[in-house]
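These are my notebook entries on helix packing and one pocket. I set down each item as I looked it up.

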Amino acid sequence: LMIGVATLGASAKESLREIIGEAFSADYIVSPEQANNGFLPASLADDLRATGVGDVLGLAISPLRVDENGELNDRIALAVVPADAGAVLDFSFVSGSFADLDANGVLLSADKARGLGVGQGDTVTVSLLDDSELSLVVQGVYDADQFGAFVVDRSIFDGQSQPVLDISVFVNTGGDQSATTEAALQEVIDTYPAMKLQSRDSFIDEQDDQIDGFLNFIYALLGMSIFIAIIGIVITLWLAVYERRRELGLLRAVGMTRRQVRSSVLWESMVTGIVGVVMGIVLGVTLGWIIVKAFEDDGLGVFSLPTGTIVVASGGALALAAAAALIPARRASNANMLEAIATT
């Protein structure tokens, strides 16, 4: 279970890094200081653009009601300025592009387009929060779901009371991450409270950390199963020593030392631990691979082997197996020789 969860977690992290890396060509990301807590003012993107360091994209979201096969459903659309999105985001398009997007159209993910049975040139009916209805032309289909199923030109909300709120701002400096460039951006960020500036690598690492927090919680739960397994080894060895007390007594009588008795019990425990480690690694990696492949179309596109976790978990399991032998080994070596021989 430990290796299976670790394999799933490592694959999720690598898949996330690949998704973000492929979709973002931005060098810096601005987001709220507290994740999932607040939005960015619309003026922030303009202020960053005024520094002249590169292309700037304000990534906004807004609710829409979408007619999906005759049923109105509430959805969240990503709202962008198409020219900025084309310069900062690196979508893999099945058809169309950001250059084709305008206020009369919408970009759909491939899965959503397939579900609606539409393609480029077809129309999708949406309603804004003021109940005004729009027929948007499908102007592109992209082959990824990391940004949701709908992307629209934020100008469709001009004149509406409907909020269009930036969730993050991306800055593409053309690879220039010099101290001067970062200082110019940070100077703007300092004028906005509760905002943070991150490099592309720092942003990706932060997303990884969220997965680590979830994995640590699962590891804590699995720790209880490991504790139960160790108790099982202790009880098994204790019973083995009790059932073989006459044989152990005879071995002591013909010259076996207490140290040798303790060593025999220890190695019995280690063999049990080695079998468990080998089976755990093989079954855990196999289980992780099956789950990753099963969810390959849902974002888990990379299988990653958690080598570090396997080494640590294996070493820990063997150490615990050795520790489990301490009490049974001591009991076996300290048993009274004559009483043990007399046992039937």
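How near do the axes of helix 8 and helix 9 come, and at what angle do they cross? I note beforehand that the model is predicted.

**Entry 1: helix 8 and helix 9**

I found that the axes of these two helices come within 8 Å and cross at roughly 155°. Angles over 145 degrees count as roughly antiparallel, so helix 8 is roughly antiparallel to helix 9. I recorded the crossing of helix 8 and helix 9 as right-handed. On the side of helix 8, I listed Leu266, Ser269, Met270, Gly273, Ile274, Val277, Ile281 and Val285. Their partners in helix 9 are Ile310, Ser314, Ala317, Leu318, Ala321, Ala322 and Ala324. By class, I entered 12 nonpolar and three polar residues for this contact, with no charged ones.

**Entry 2: helix 6 and helix 8**

I next took helix 6, residues 200–243, against helix 8, residues 258–294. Their axes come within 11 Å and cross at roughly 140°. Helix 6 is therefore oblique to helix 8. I noted a right-handed crossing for helix 6 and helix 8. From helix 6, Ile233, Leu237, Ala240 and Val241 meet Val265, Glu268, Ser269 and Thr272 of helix 8. I entered five nonpolar, two polar and one charged residues for the contact of helix 6 with helix 8.

**Entry 3: helix 6 and helix 9**

I then looked up how helix 6 packs on helix 9, and found an angle of about 35° with the axes 9 Å apart. Helix 6 passes helix 9 in a right-handed crossing. In helix 6, the residues in contact are Tyr219, Ile226, Ile230, Ile233, Val234 and Leu237. In helix 9, I listed Thr309, Leu320, Ala321 and Ala324 as the residues they meet. The contact of helix 6 with helix 9 has nine nonpolar residues, one polar and no charged.

**Entry 4: the second largest pocket**

I recorded a volume of about 650 Å³ for the second largest pocket. Which residues of its lining lie nearest the centre? I found Ile226, Gly276, Val277, Gly280 and Ala317, out of 26 lining residues. Ile226 also appears in the contact of helix 6 with helix 9, and Val277 and Ala317 appear in the contact of helix 8 with helix 9.

Which helix gives the most to this lining? Helix 8 does, with 10 residues. I noted that helix 1 (2–23), helix 6, helix 8 and helix 9 (307–324) each supply at least two of the lining residues. By class, I divided the lining of the second largest pocket into 17 nonpolar and nine polar residues, with no charged ones.

Key: Residues numbered from 1 in each chain as written. Predicted model: local features only at pLDDT ≥ 70, side-chain atom pairs only at ≥ 80, totals over all residues. Heavy atoms only, no water. Axes fitted to C-alpha atoms, helices over the stretch in contact; angles between N-to-C directions. Helix = DSSP H or I, 4+ residues; strand = E, 2+ residues; numbered from the N terminus. Parallel < 35°, antiparallel > 145°, perpendicular 65-115°, else oblique. Left-handed = near helix turned anticlockwise from the far one by under 90°. Contact = heavy atoms within 4.5 Å. Nonpolar A, V, L, I, M, F, W, Y, C, P; charged D, E, K, R; others polar. 1 Å grid on protein atoms, 1.4 Å probe; cavity = no way out; pocket = protein on both sides within 12 Å on 5 of 7 lines; lining within 4 Å. Points joined across faces, edges and corners; volume = space filled by probe spheres on them.
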